[in-house]
Number of protein chains: 2
Amino acid sequence: MKGLFQYNWQVRDEWFDWCLKQQSEEIEKKRSGGMESILKNLFHIVDVEVSWMYAILDKPDFTPAFSDYPSIQHIIRFSEAYRPEVESVVFHFSSTAEQKPVKPSWSEDTYTQGDILRHLIAHEIHHIGQISIWAREMNRIPVSASYVGRQQ
Amino acid sequence: MKGLFQYNWQVRDEWFDWCLKQQSEEIEKKRSGGMESILKNLFHIVDVEVSWMYAILDKPDFTPAFSDYPSIQHIIRFSEAYRPEVESVVFHFSSTAEQKPVKPSWSEDTYTQGDILRHLIAHEIHHIGQISIWAREMNRIPVSASYVGRQQ
(Lines give C-alpha, C1' and ligand atoms only; values in the text may rest on other atoms or scores of the structure.)
Protein backbone atom coordinates (compact mmCIF):
# COMPACT_ATOMS: atom_id res chain seq x y z
CA MET A 1 0.00 0.00 0.00
CA LYS A 2 2.75 2.41 1.10
CA GLY A 3 4.74 1.71 -2.11
CA LEU A 4 1.85 2.76 -4.35
CA PHE A 5 1.26 5.97 -2.37
CA GLN A 6 4.95 6.87 -2.61
CA TYR A 7 4.85 6.11 -6.35
CA ASN A 8 1.83 8.40 -6.75
CA TRP A 9 3.42 11.24 -4.78
CA GLN A 10 6.62 10.97 -6.82
CA VAL A 11 4.71 10.96 -10.13
CA ARG A 12 2.52 13.86 -8.89
CA ASP A 13 5.61 15.92 -8.02
CA GLU A 14 7.08 15.16 -11.46
CA TRP A 15 3.87 16.41 -13.09
CA PHE A 16 4.06 19.55 -10.91
CA ASP A 17 7.60 20.18 -12.24
CA TRP A 18 6.38 19.44 -15.78
CA CYS A 19 3.52 21.95 -15.39
CA LEU A 20 5.92 24.65 -14.20
CA LYS A 21 7.62 24.39 -17.61
CA GLN A 22 4.39 24.76 -19.65
CA GLN A 23 2.45 27.84 -20.68
CA SER A 24 -0.31 28.49 -18.15
CA GLU A 25 -2.98 28.70 -20.91
CA GLU A 26 -2.14 25.13 -21.93
CA ILE A 27 -2.50 23.64 -18.43
CA GLU A 28 -5.68 25.69 -17.82
CA LYS A 29 -7.22 24.87 -21.23
CA LYS A 30 -10.62 23.13 -21.19
CA ARG A 31 -10.28 19.56 -22.48
CA SER A 32 -12.55 16.52 -22.99
CA GLY A 33 -13.12 14.15 -20.08
CA GLY A 34 -11.70 13.88 -16.57
CA MET A 35 -12.03 17.16 -14.66
CA GLU A 36 -11.63 18.97 -18.01
CA SER A 37 -8.17 20.52 -17.56
CA ILE A 38 -4.70 19.49 -16.42
CA LEU A 39 -4.83 21.90 -13.46
CA LYS A 40 -8.31 20.76 -12.43
CA ASN A 41 -7.25 17.09 -12.56
CA LEU A 42 -4.27 17.82 -10.29
CA PHE A 43 -6.40 19.90 -7.91
CA HIS A 44 -9.00 17.10 -7.80
CA ILE A 45 -6.36 14.47 -6.97
CA VAL A 46 -5.18 16.48 -3.94
CA ASP A 47 -8.71 17.48 -2.89
CA VAL A 48 -10.02 13.90 -2.94
CA GLU A 49 -6.96 12.54 -1.12
CA VAL A 50 -7.27 15.15 1.66
CA SER A 51 -11.05 14.65 1.98
CA TRP A 52 -10.82 10.89 2.49
CA MET A 53 -7.80 11.16 4.78
CA TYR A 54 -9.67 13.72 6.90
CA ALA A 55 -12.57 11.26 7.13
CA ILE A 56 -10.12 8.58 8.35
CA LEU A 57 -8.60 11.04 10.84
CA ASP A 58 -12.13 12.02 11.96
CA LYS A 59 -11.44 15.67 11.17
CA PRO A 60 -14.16 18.02 9.82
CA ASP A 61 -14.78 17.71 6.08
CA PHE A 62 -12.74 19.93 3.89
CA THR A 63 -14.33 21.29 0.71
CA PRO A 64 -11.84 23.56 -1.05
CA ALA A 65 -12.93 25.35 -4.22
CA PHE A 66 -10.79 25.17 -7.35
CA SER A 67 -11.16 28.97 -7.62
CA ASP A 68 -9.07 29.27 -4.42
CA TYR A 69 -6.21 27.30 -6.08
CA PRO A 70 -6.13 28.84 -9.56
CA SER A 71 -2.46 28.24 -10.48
CA ILE A 72 -0.02 25.34 -10.43
CA GLN A 73 1.87 27.11 -7.62
CA HIS A 74 -1.30 27.15 -5.50
CA ILE A 75 -1.92 23.44 -6.14
CA ILE A 76 1.68 22.53 -5.27
CA ARG A 77 1.35 24.38 -1.95
CA PHE A 78 -2.02 22.67 -1.33
CA SER A 79 -0.45 19.24 -1.94
CA GLU A 80 2.57 20.00 0.26
CA ALA A 81 0.57 21.52 3.12
CA TYR A 82 -1.48 18.36 3.72
CA ARG A 83 1.24 15.79 2.96
CA PRO A 84 2.26 15.27 6.63
CA GLU A 85 -1.32 14.40 7.67
CA VAL A 86 -1.78 12.13 4.65
CA GLU A 87 1.54 10.41 5.39
CA SER A 88 0.49 9.91 9.01
CA VAL A 89 -2.36 7.68 7.77
CA VAL A 90 -0.37 5.82 5.13
CA PHE A 91 2.71 5.17 7.26
CA HIS A 92 0.65 3.96 10.22
CA PHE A 93 -1.58 1.70 8.15
CA SER A 94 -1.66 -1.87 9.48
CA SER A 95 -3.70 -5.05 9.23
CA THR A 96 -5.74 -3.74 12.20
CA ALA A 97 -6.55 -0.51 10.31
CA GLU A 98 -7.52 -2.52 7.18
CA GLN A 99 -11.00 -3.37 8.48
CA LYS A 100 -11.58 -0.21 10.57
CA PRO A 101 -14.89 1.38 9.51
CA VAL A 102 -14.96 4.99 8.34
CA LYS A 103 -18.15 6.99 7.74
CA PRO A 104 -17.43 10.10 5.66
CA SER A 105 -19.77 13.04 6.29
CA TRP A 106 -20.64 13.26 2.57
CA SER A 107 -21.80 9.63 2.26
CA GLU A 108 -24.57 7.41 3.59
CA ASP A 109 -22.18 4.47 3.46
CA THR A 110 -19.39 3.22 5.68
CA TYR A 111 -16.11 2.08 4.14
CA THR A 112 -13.10 0.23 5.54
CA GLN A 113 -9.83 2.11 5.82
CA GLY A 114 -8.23 -0.44 3.49
CA ASP A 115 -10.82 0.17 0.78
CA ILE A 116 -10.40 3.95 1.11
CA LEU A 117 -6.63 3.71 0.66
CA ARG A 118 -7.04 1.44 -2.40
CA HIS A 119 -9.64 3.88 -3.76
CA LEU A 120 -7.17 6.76 -3.43
CA ILE A 121 -4.38 4.81 -5.14
CA ALA A 122 -6.59 3.96 -8.13
CA HIS A 123 -8.14 7.45 -8.21
CA GLU A 124 -4.80 9.23 -8.59
CA ILE A 125 -3.34 6.84 -11.19
CA HIS A 126 -6.56 7.10 -13.25
CA HIS A 127 -6.54 10.91 -13.38
CA ILE A 128 -2.77 11.00 -14.09
CA GLY A 129 -3.35 8.63 -17.04
CA GLN A 130 -5.84 11.17 -18.38
CA ILE A 131 -3.27 13.98 -18.09
CA SER A 132 -0.78 11.91 -20.10
CA ILE A 133 -3.19 11.96 -23.08
CA TRP A 134 -3.60 15.73 -22.81
CA ALA A 135 0.22 16.13 -22.72
CA ARG A 136 0.43 14.29 -26.06
CA GLU A 137 -2.34 16.53 -27.45
CA MET A 138 0.02 19.43 -26.56
CA ASN A 139 2.87 17.61 -28.39
CA ARG A 140 4.71 17.26 -25.08
CA ILE A 141 6.32 14.13 -23.60
CA PRO A 142 4.35 12.99 -20.53
CA VAL A 143 5.97 12.06 -17.22
CA SER A 144 6.77 8.33 -17.07
CA ALA A 145 4.10 6.26 -15.32
CA SER A 146 6.28 3.19 -14.81
CA TYR A 147 6.35 1.87 -11.26
CA VAL A 148 9.50 -0.19 -11.81
CA GLY A 149 12.76 1.45 -12.82
CA ARG A 150 12.11 4.87 -11.35
CA GLN A 151 14.67 6.80 -9.29
CA GLN A 152 13.75 6.67 -5.59
CA MET B 1 -2.82 -6.21 -3.58
CA LYS B 2 -5.54 -8.79 -4.45
CA GLY B 3 -8.27 -6.13 -4.11
CA LEU B 4 -6.64 -3.87 -6.70
CA PHE B 5 -6.18 -6.75 -9.16
CA GLN B 6 -9.82 -7.73 -8.78
CA TYR B 7 -10.83 -4.09 -9.26
CA ASN B 8 -8.73 -3.92 -12.45
CA TRP B 9 -10.18 -7.15 -13.85
CA GLN B 10 -13.72 -5.97 -13.14
CA VAL B 11 -13.09 -2.58 -14.78
CA ARG B 12 -11.35 -4.29 -17.72
CA ASP B 13 -14.35 -6.59 -18.25
CA GLU B 14 -16.69 -3.56 -18.12
CA TRP B 15 -14.59 -1.86 -20.82
CA PHE B 16 -14.77 -5.07 -22.88
CA ASP B 17 -18.58 -4.94 -22.63
CA TRP B 18 -18.49 -1.23 -23.46
CA CYS B 19 -16.34 -1.88 -26.56
CA LEU B 20 -18.75 -4.55 -27.79
CA LYS B 21 -21.42 -1.81 -28.02
CA GLN B 22 -19.25 0.63 -30.05
CA GLN B 23 -18.54 0.80 -33.74
CA SER B 24 -15.32 -1.07 -34.52
CA GLU B 25 -13.87 1.93 -36.44
CA GLU B 26 -14.14 4.02 -33.27
CA ILE B 27 -12.30 1.58 -31.02
CA GLU B 28 -9.67 0.97 -33.73
CA LYS B 29 -9.23 4.68 -34.56
CA LYS B 30 -5.70 6.13 -34.14
CA ARG B 31 -5.63 8.57 -31.22
CA SER B 32 -3.01 10.73 -29.43
CA GLY B 33 -0.95 9.20 -26.64
CA GLY B 34 -0.99 5.84 -24.88
CA MET B 35 -0.83 2.94 -27.33
CA GLU B 36 -2.74 5.11 -29.81
CA SER B 37 -6.09 3.31 -29.89
CA ILE B 38 -8.63 1.90 -27.46
CA LEU B 39 -8.06 -1.65 -28.76
CA LYS B 40 -4.27 -1.31 -28.61
CA ASN B 41 -4.43 -0.02 -25.02
CA LEU B 42 -6.56 -3.01 -23.99
CA PHE B 43 -4.30 -5.46 -25.84
CA HIS B 44 -1.23 -3.86 -24.21
CA ILE B 45 -2.75 -4.19 -20.71
CA VAL B 46 -3.28 -7.94 -21.19
CA ASP B 47 0.08 -8.45 -22.96
CA VAL B 48 2.09 -6.70 -20.22
CA GLU B 49 0.22 -8.53 -17.44
CA VAL B 50 0.84 -11.92 -19.03
CA SER B 51 4.51 -11.15 -19.77
CA TRP B 52 5.35 -10.20 -16.18
CA MET B 53 3.31 -13.05 -14.71
CA TYR B 54 5.13 -15.50 -16.99
CA ALA B 55 8.43 -14.07 -15.71
CA ILE B 56 7.23 -14.68 -12.13
CA LEU B 57 6.11 -18.20 -13.05
CA ASP B 58 9.48 -18.78 -14.79
CA LYS B 59 7.73 -19.65 -18.04
CA PRO B 60 9.21 -18.73 -21.46
CA ASP B 61 8.58 -15.13 -22.52
CA PHE B 62 5.47 -14.52 -24.47
CA THR B 63 5.53 -11.82 -27.16
CA PRO B 64 2.14 -11.73 -28.87
CA ALA B 65 1.65 -9.35 -31.80
CA PHE B 66 -1.33 -6.99 -31.88
CA SER B 67 -1.98 -8.15 -35.46
CA ASP B 68 -2.86 -11.60 -34.05
CA TYR B 69 -5.56 -10.02 -31.83
CA PRO B 70 -7.19 -7.54 -34.22
CA SER B 71 -10.68 -7.33 -32.72
CA ILE B 72 -12.23 -6.80 -29.29
CA GLN B 73 -13.42 -10.42 -29.38
CA HIS B 74 -9.81 -11.61 -29.85
CA ILE B 75 -8.61 -9.45 -26.94
CA ILE B 76 -11.40 -10.70 -24.66
CA ARG B 77 -10.40 -14.30 -25.44
CA PHE B 78 -6.71 -13.42 -24.85
CA SER B 79 -7.56 -11.90 -21.44
CA GLU B 80 -9.75 -14.86 -20.44
CA ALA B 81 -7.31 -17.53 -21.62
CA TYR B 82 -4.50 -16.37 -19.31
CA ARG B 83 -6.63 -15.30 -16.33
CA PRO B 84 -6.21 -18.61 -14.41
CA GLU B 85 -2.38 -18.39 -14.54
CA VAL B 86 -2.46 -14.69 -13.59
CA GLU B 87 -4.83 -15.47 -10.71
CA SER B 88 -2.53 -18.27 -9.52
CA VAL B 89 0.18 -15.63 -8.88
CA VAL B 90 -2.12 -13.00 -7.34
CA PHE B 91 -4.06 -15.36 -5.08
CA HIS B 92 -0.90 -17.08 -3.80
CA PHE B 93 0.96 -13.83 -3.17
CA SER B 94 2.31 -13.61 0.39
CA SER B 95 4.83 -11.67 2.47
CA THR B 96 7.39 -14.35 1.49
CA ALA B 97 6.76 -13.72 -2.23
CA GLU B 98 7.03 -9.93 -1.68
CA GLN B 99 10.84 -9.94 -1.72
CA LYS B 100 11.33 -12.88 -4.11
CA PRO B 101 13.64 -11.81 -6.97
CA VAL B 102 12.46 -12.15 -10.57
CA LYS B 103 14.71 -11.66 -13.60
CA PRO B 104 12.62 -11.18 -16.76
CA SER B 105 14.29 -12.33 -19.99
CA TRP B 106 13.77 -8.90 -21.59
CA SER B 107 15.57 -6.95 -18.86
CA GLU B 108 19.07 -6.65 -17.41
CA ASP B 109 17.52 -5.93 -14.01
CA THR B 110 16.02 -8.07 -11.28
CA TYR B 111 12.78 -7.02 -9.62
CA THR B 112 10.94 -8.22 -6.53
CA GLN B 113 7.62 -9.98 -7.01
CA GLY B 114 5.96 -7.27 -4.89
CA ASP B 115 7.26 -4.49 -7.14
CA ILE B 116 6.12 -6.36 -10.26
CA LEU B 117 2.58 -6.73 -8.92
CA ARG B 118 2.44 -3.03 -7.94
CA HIS B 119 3.78 -2.17 -11.41
CA LEU B 120 0.99 -4.17 -13.05
CA ILE B 121 -1.70 -2.53 -10.88
CA ALA B 122 -0.49 0.98 -11.76
CA HIS B 123 0.08 0.07 -15.42
CA GLU B 124 -3.50 -1.06 -16.00
CA ILE B 125 -5.15 1.84 -14.15
CA HIS B 126 -2.98 4.31 -16.09
CA HIS B 127 -3.93 2.95 -19.52
CA ILE B 128 -7.61 2.68 -18.53
CA GLY B 129 -7.52 6.36 -17.51
CA GLN B 130 -6.32 7.15 -21.01
CA ILE B 131 -9.21 5.20 -22.56
CA SER B 132 -11.69 7.22 -20.46
CA ILE B 133 -10.50 10.41 -22.23
CA TRP B 134 -10.92 8.79 -25.65
CA ALA B 135 -14.45 7.68 -24.68
CA ARG B 136 -15.36 11.33 -23.97
CA GLU B 137 -13.84 12.33 -27.34
CA MET B 138 -16.34 9.85 -28.85
CA ASN B 139 -19.15 11.52 -26.81
CA ARG B 140 -19.62 8.30 -24.90
CA ILE B 141 -19.86 7.82 -21.12
CA PRO B 142 -16.76 5.99 -19.83
CA VAL B 143 -16.90 3.02 -17.46
CA SER B 144 -16.73 4.15 -13.81
CA ALA B 145 -13.22 4.00 -12.34
CA SER B 146 -14.31 4.24 -8.72
CA TYR B 147 -12.87 1.58 -6.43
CA VAL B 148 -15.45 2.15 -3.72
CA GLY B 149 -19.15 1.65 -4.37
CA ARG B 150 -18.86 -0.85 -7.21
CA GLN B 151 -20.96 -4.00 -7.43
CA GLN B 152 -18.91 -7.06 -6.49
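A cavity, in the sense I will use this morning, is a set of grid points where a 1.4 Å probe fits but cannot get out, and its lining residues are those with an atom within 4 Å of a point. Please keep in mind throughout that what we are looking at is a predicted model.

Let me start with the two chains. If you rotate by 180°, with 0.0 Å of shift along the axis, chain A superposes on chain B with an RMSD of 0.0 Å, and that is the relation of a two-fold axis. The same surface serves both copies, since 100% of the contact residues of chain A recur in chain B.

Now to the empty spaces. Rolling a probe the size of a water molecule over the atoms shows where empty space is left. Here the count comes to two cavities of 30 Å³ or more, and the largest of them holds about 40 Å³ of space.

Which residues line this largest cavity? From chain A there is His126(A), and from chain B there are Tyr7(B), Asn8(B), Val11(B), Glu124(B), Ile125(B), Ile128(B) and Ala145(B). The elements that give two or more residues to this lining are helix H1, residues 2-20, and helix H6, both of chain B. Sorted by class, the lining has five nonpolar, two polar and one charged residues.

The second largest cavity has a volume of about 30 Å³, and around it we find Ile45(B), Glu49(B), Leu120(B), His123(B) and Glu124(B). H3 and H6 of chain B each supply at least two residues of that lining, with H6(B) giving the most, namely three. By class, we have two nonpolar, one polar and two charged residues here.

That brings me to how these two helices sit together. Two packed helices are described by the angle between their axes and the distance between the axes. For H3(B), residues 38-56, and H6(B), residues 113-137, the angle is about 175° and the axes are 10 Å apart. Angles over 145 degrees count as roughly antiparallel, and H3(B) and H6(B) are therefore roughly antiparallel to each other.

On the H3(B) side, the residues that meet H6(B) include Ile38(B), Leu42(B), Val48(B), Trp52(B) and Ile56(B), while on the H6(B) side they include Gln113(B), Leu117(B), His127(B), Ile131(B) and Trp134(B). Taken by class, this contact has 13 nonpolar, seven polar and two charged residues. Finally, if you look back at the second largest cavity, you will see that its lining residues Ile45(B), Glu49(B), Leu120(B), His123(B) and Glu124(B) are also among the residues in the contact between H3(B) and H6(B).

Notes:
Residues are numbered from 1 along each chain as its sequence is written. Chains are lettered from A and ligands numbered from 1 in the order in which they are written. This is a predicted model: local features need pLDDT of at least 70, side-chain atom pairs count only at pLDDT 80 or more; totals for chains, interfaces and linings use all residues. Side-chain values use heavy atoms; hydrogens and water are left out. Axes are lines fitted to C-alpha atoms, for helices over the stretch in contact, and angles run from 0 to 180 degrees between N-to-C directions. Helices (H or I, at least four residues) and strands (E, at least two) are DSSP runs, numbered from the N terminus. Angles under 35 degrees count as roughly parallel, over 145 as roughly antiparallel, 65 to 115 as roughly perpendicular and the rest as oblique. Contact means heavy atoms within 4.5 Å. Ala, Val, Leu, Ile, Met, Phe, Trp, Tyr, Cys and Pro count as nonpolar, Asp, Glu, Lys and Arg as charged, and the others, Gly among them, as polar. Copies are superposed by least squares on the C-alpha atoms of residues with pLDDT of at least 70 in both. On a 1 Å grid over the protein atoms alone, a cavity is a set of points where a 1.4 Å probe fits but cannot get out, and a pocket is an open set with protein on both sides within 12 Å along at least five of seven lines; lining residues have an atom within 4 Å of a point. Grid points are joined across faces, edges and corners, and a volume is the space filled by probe spheres set on the points.
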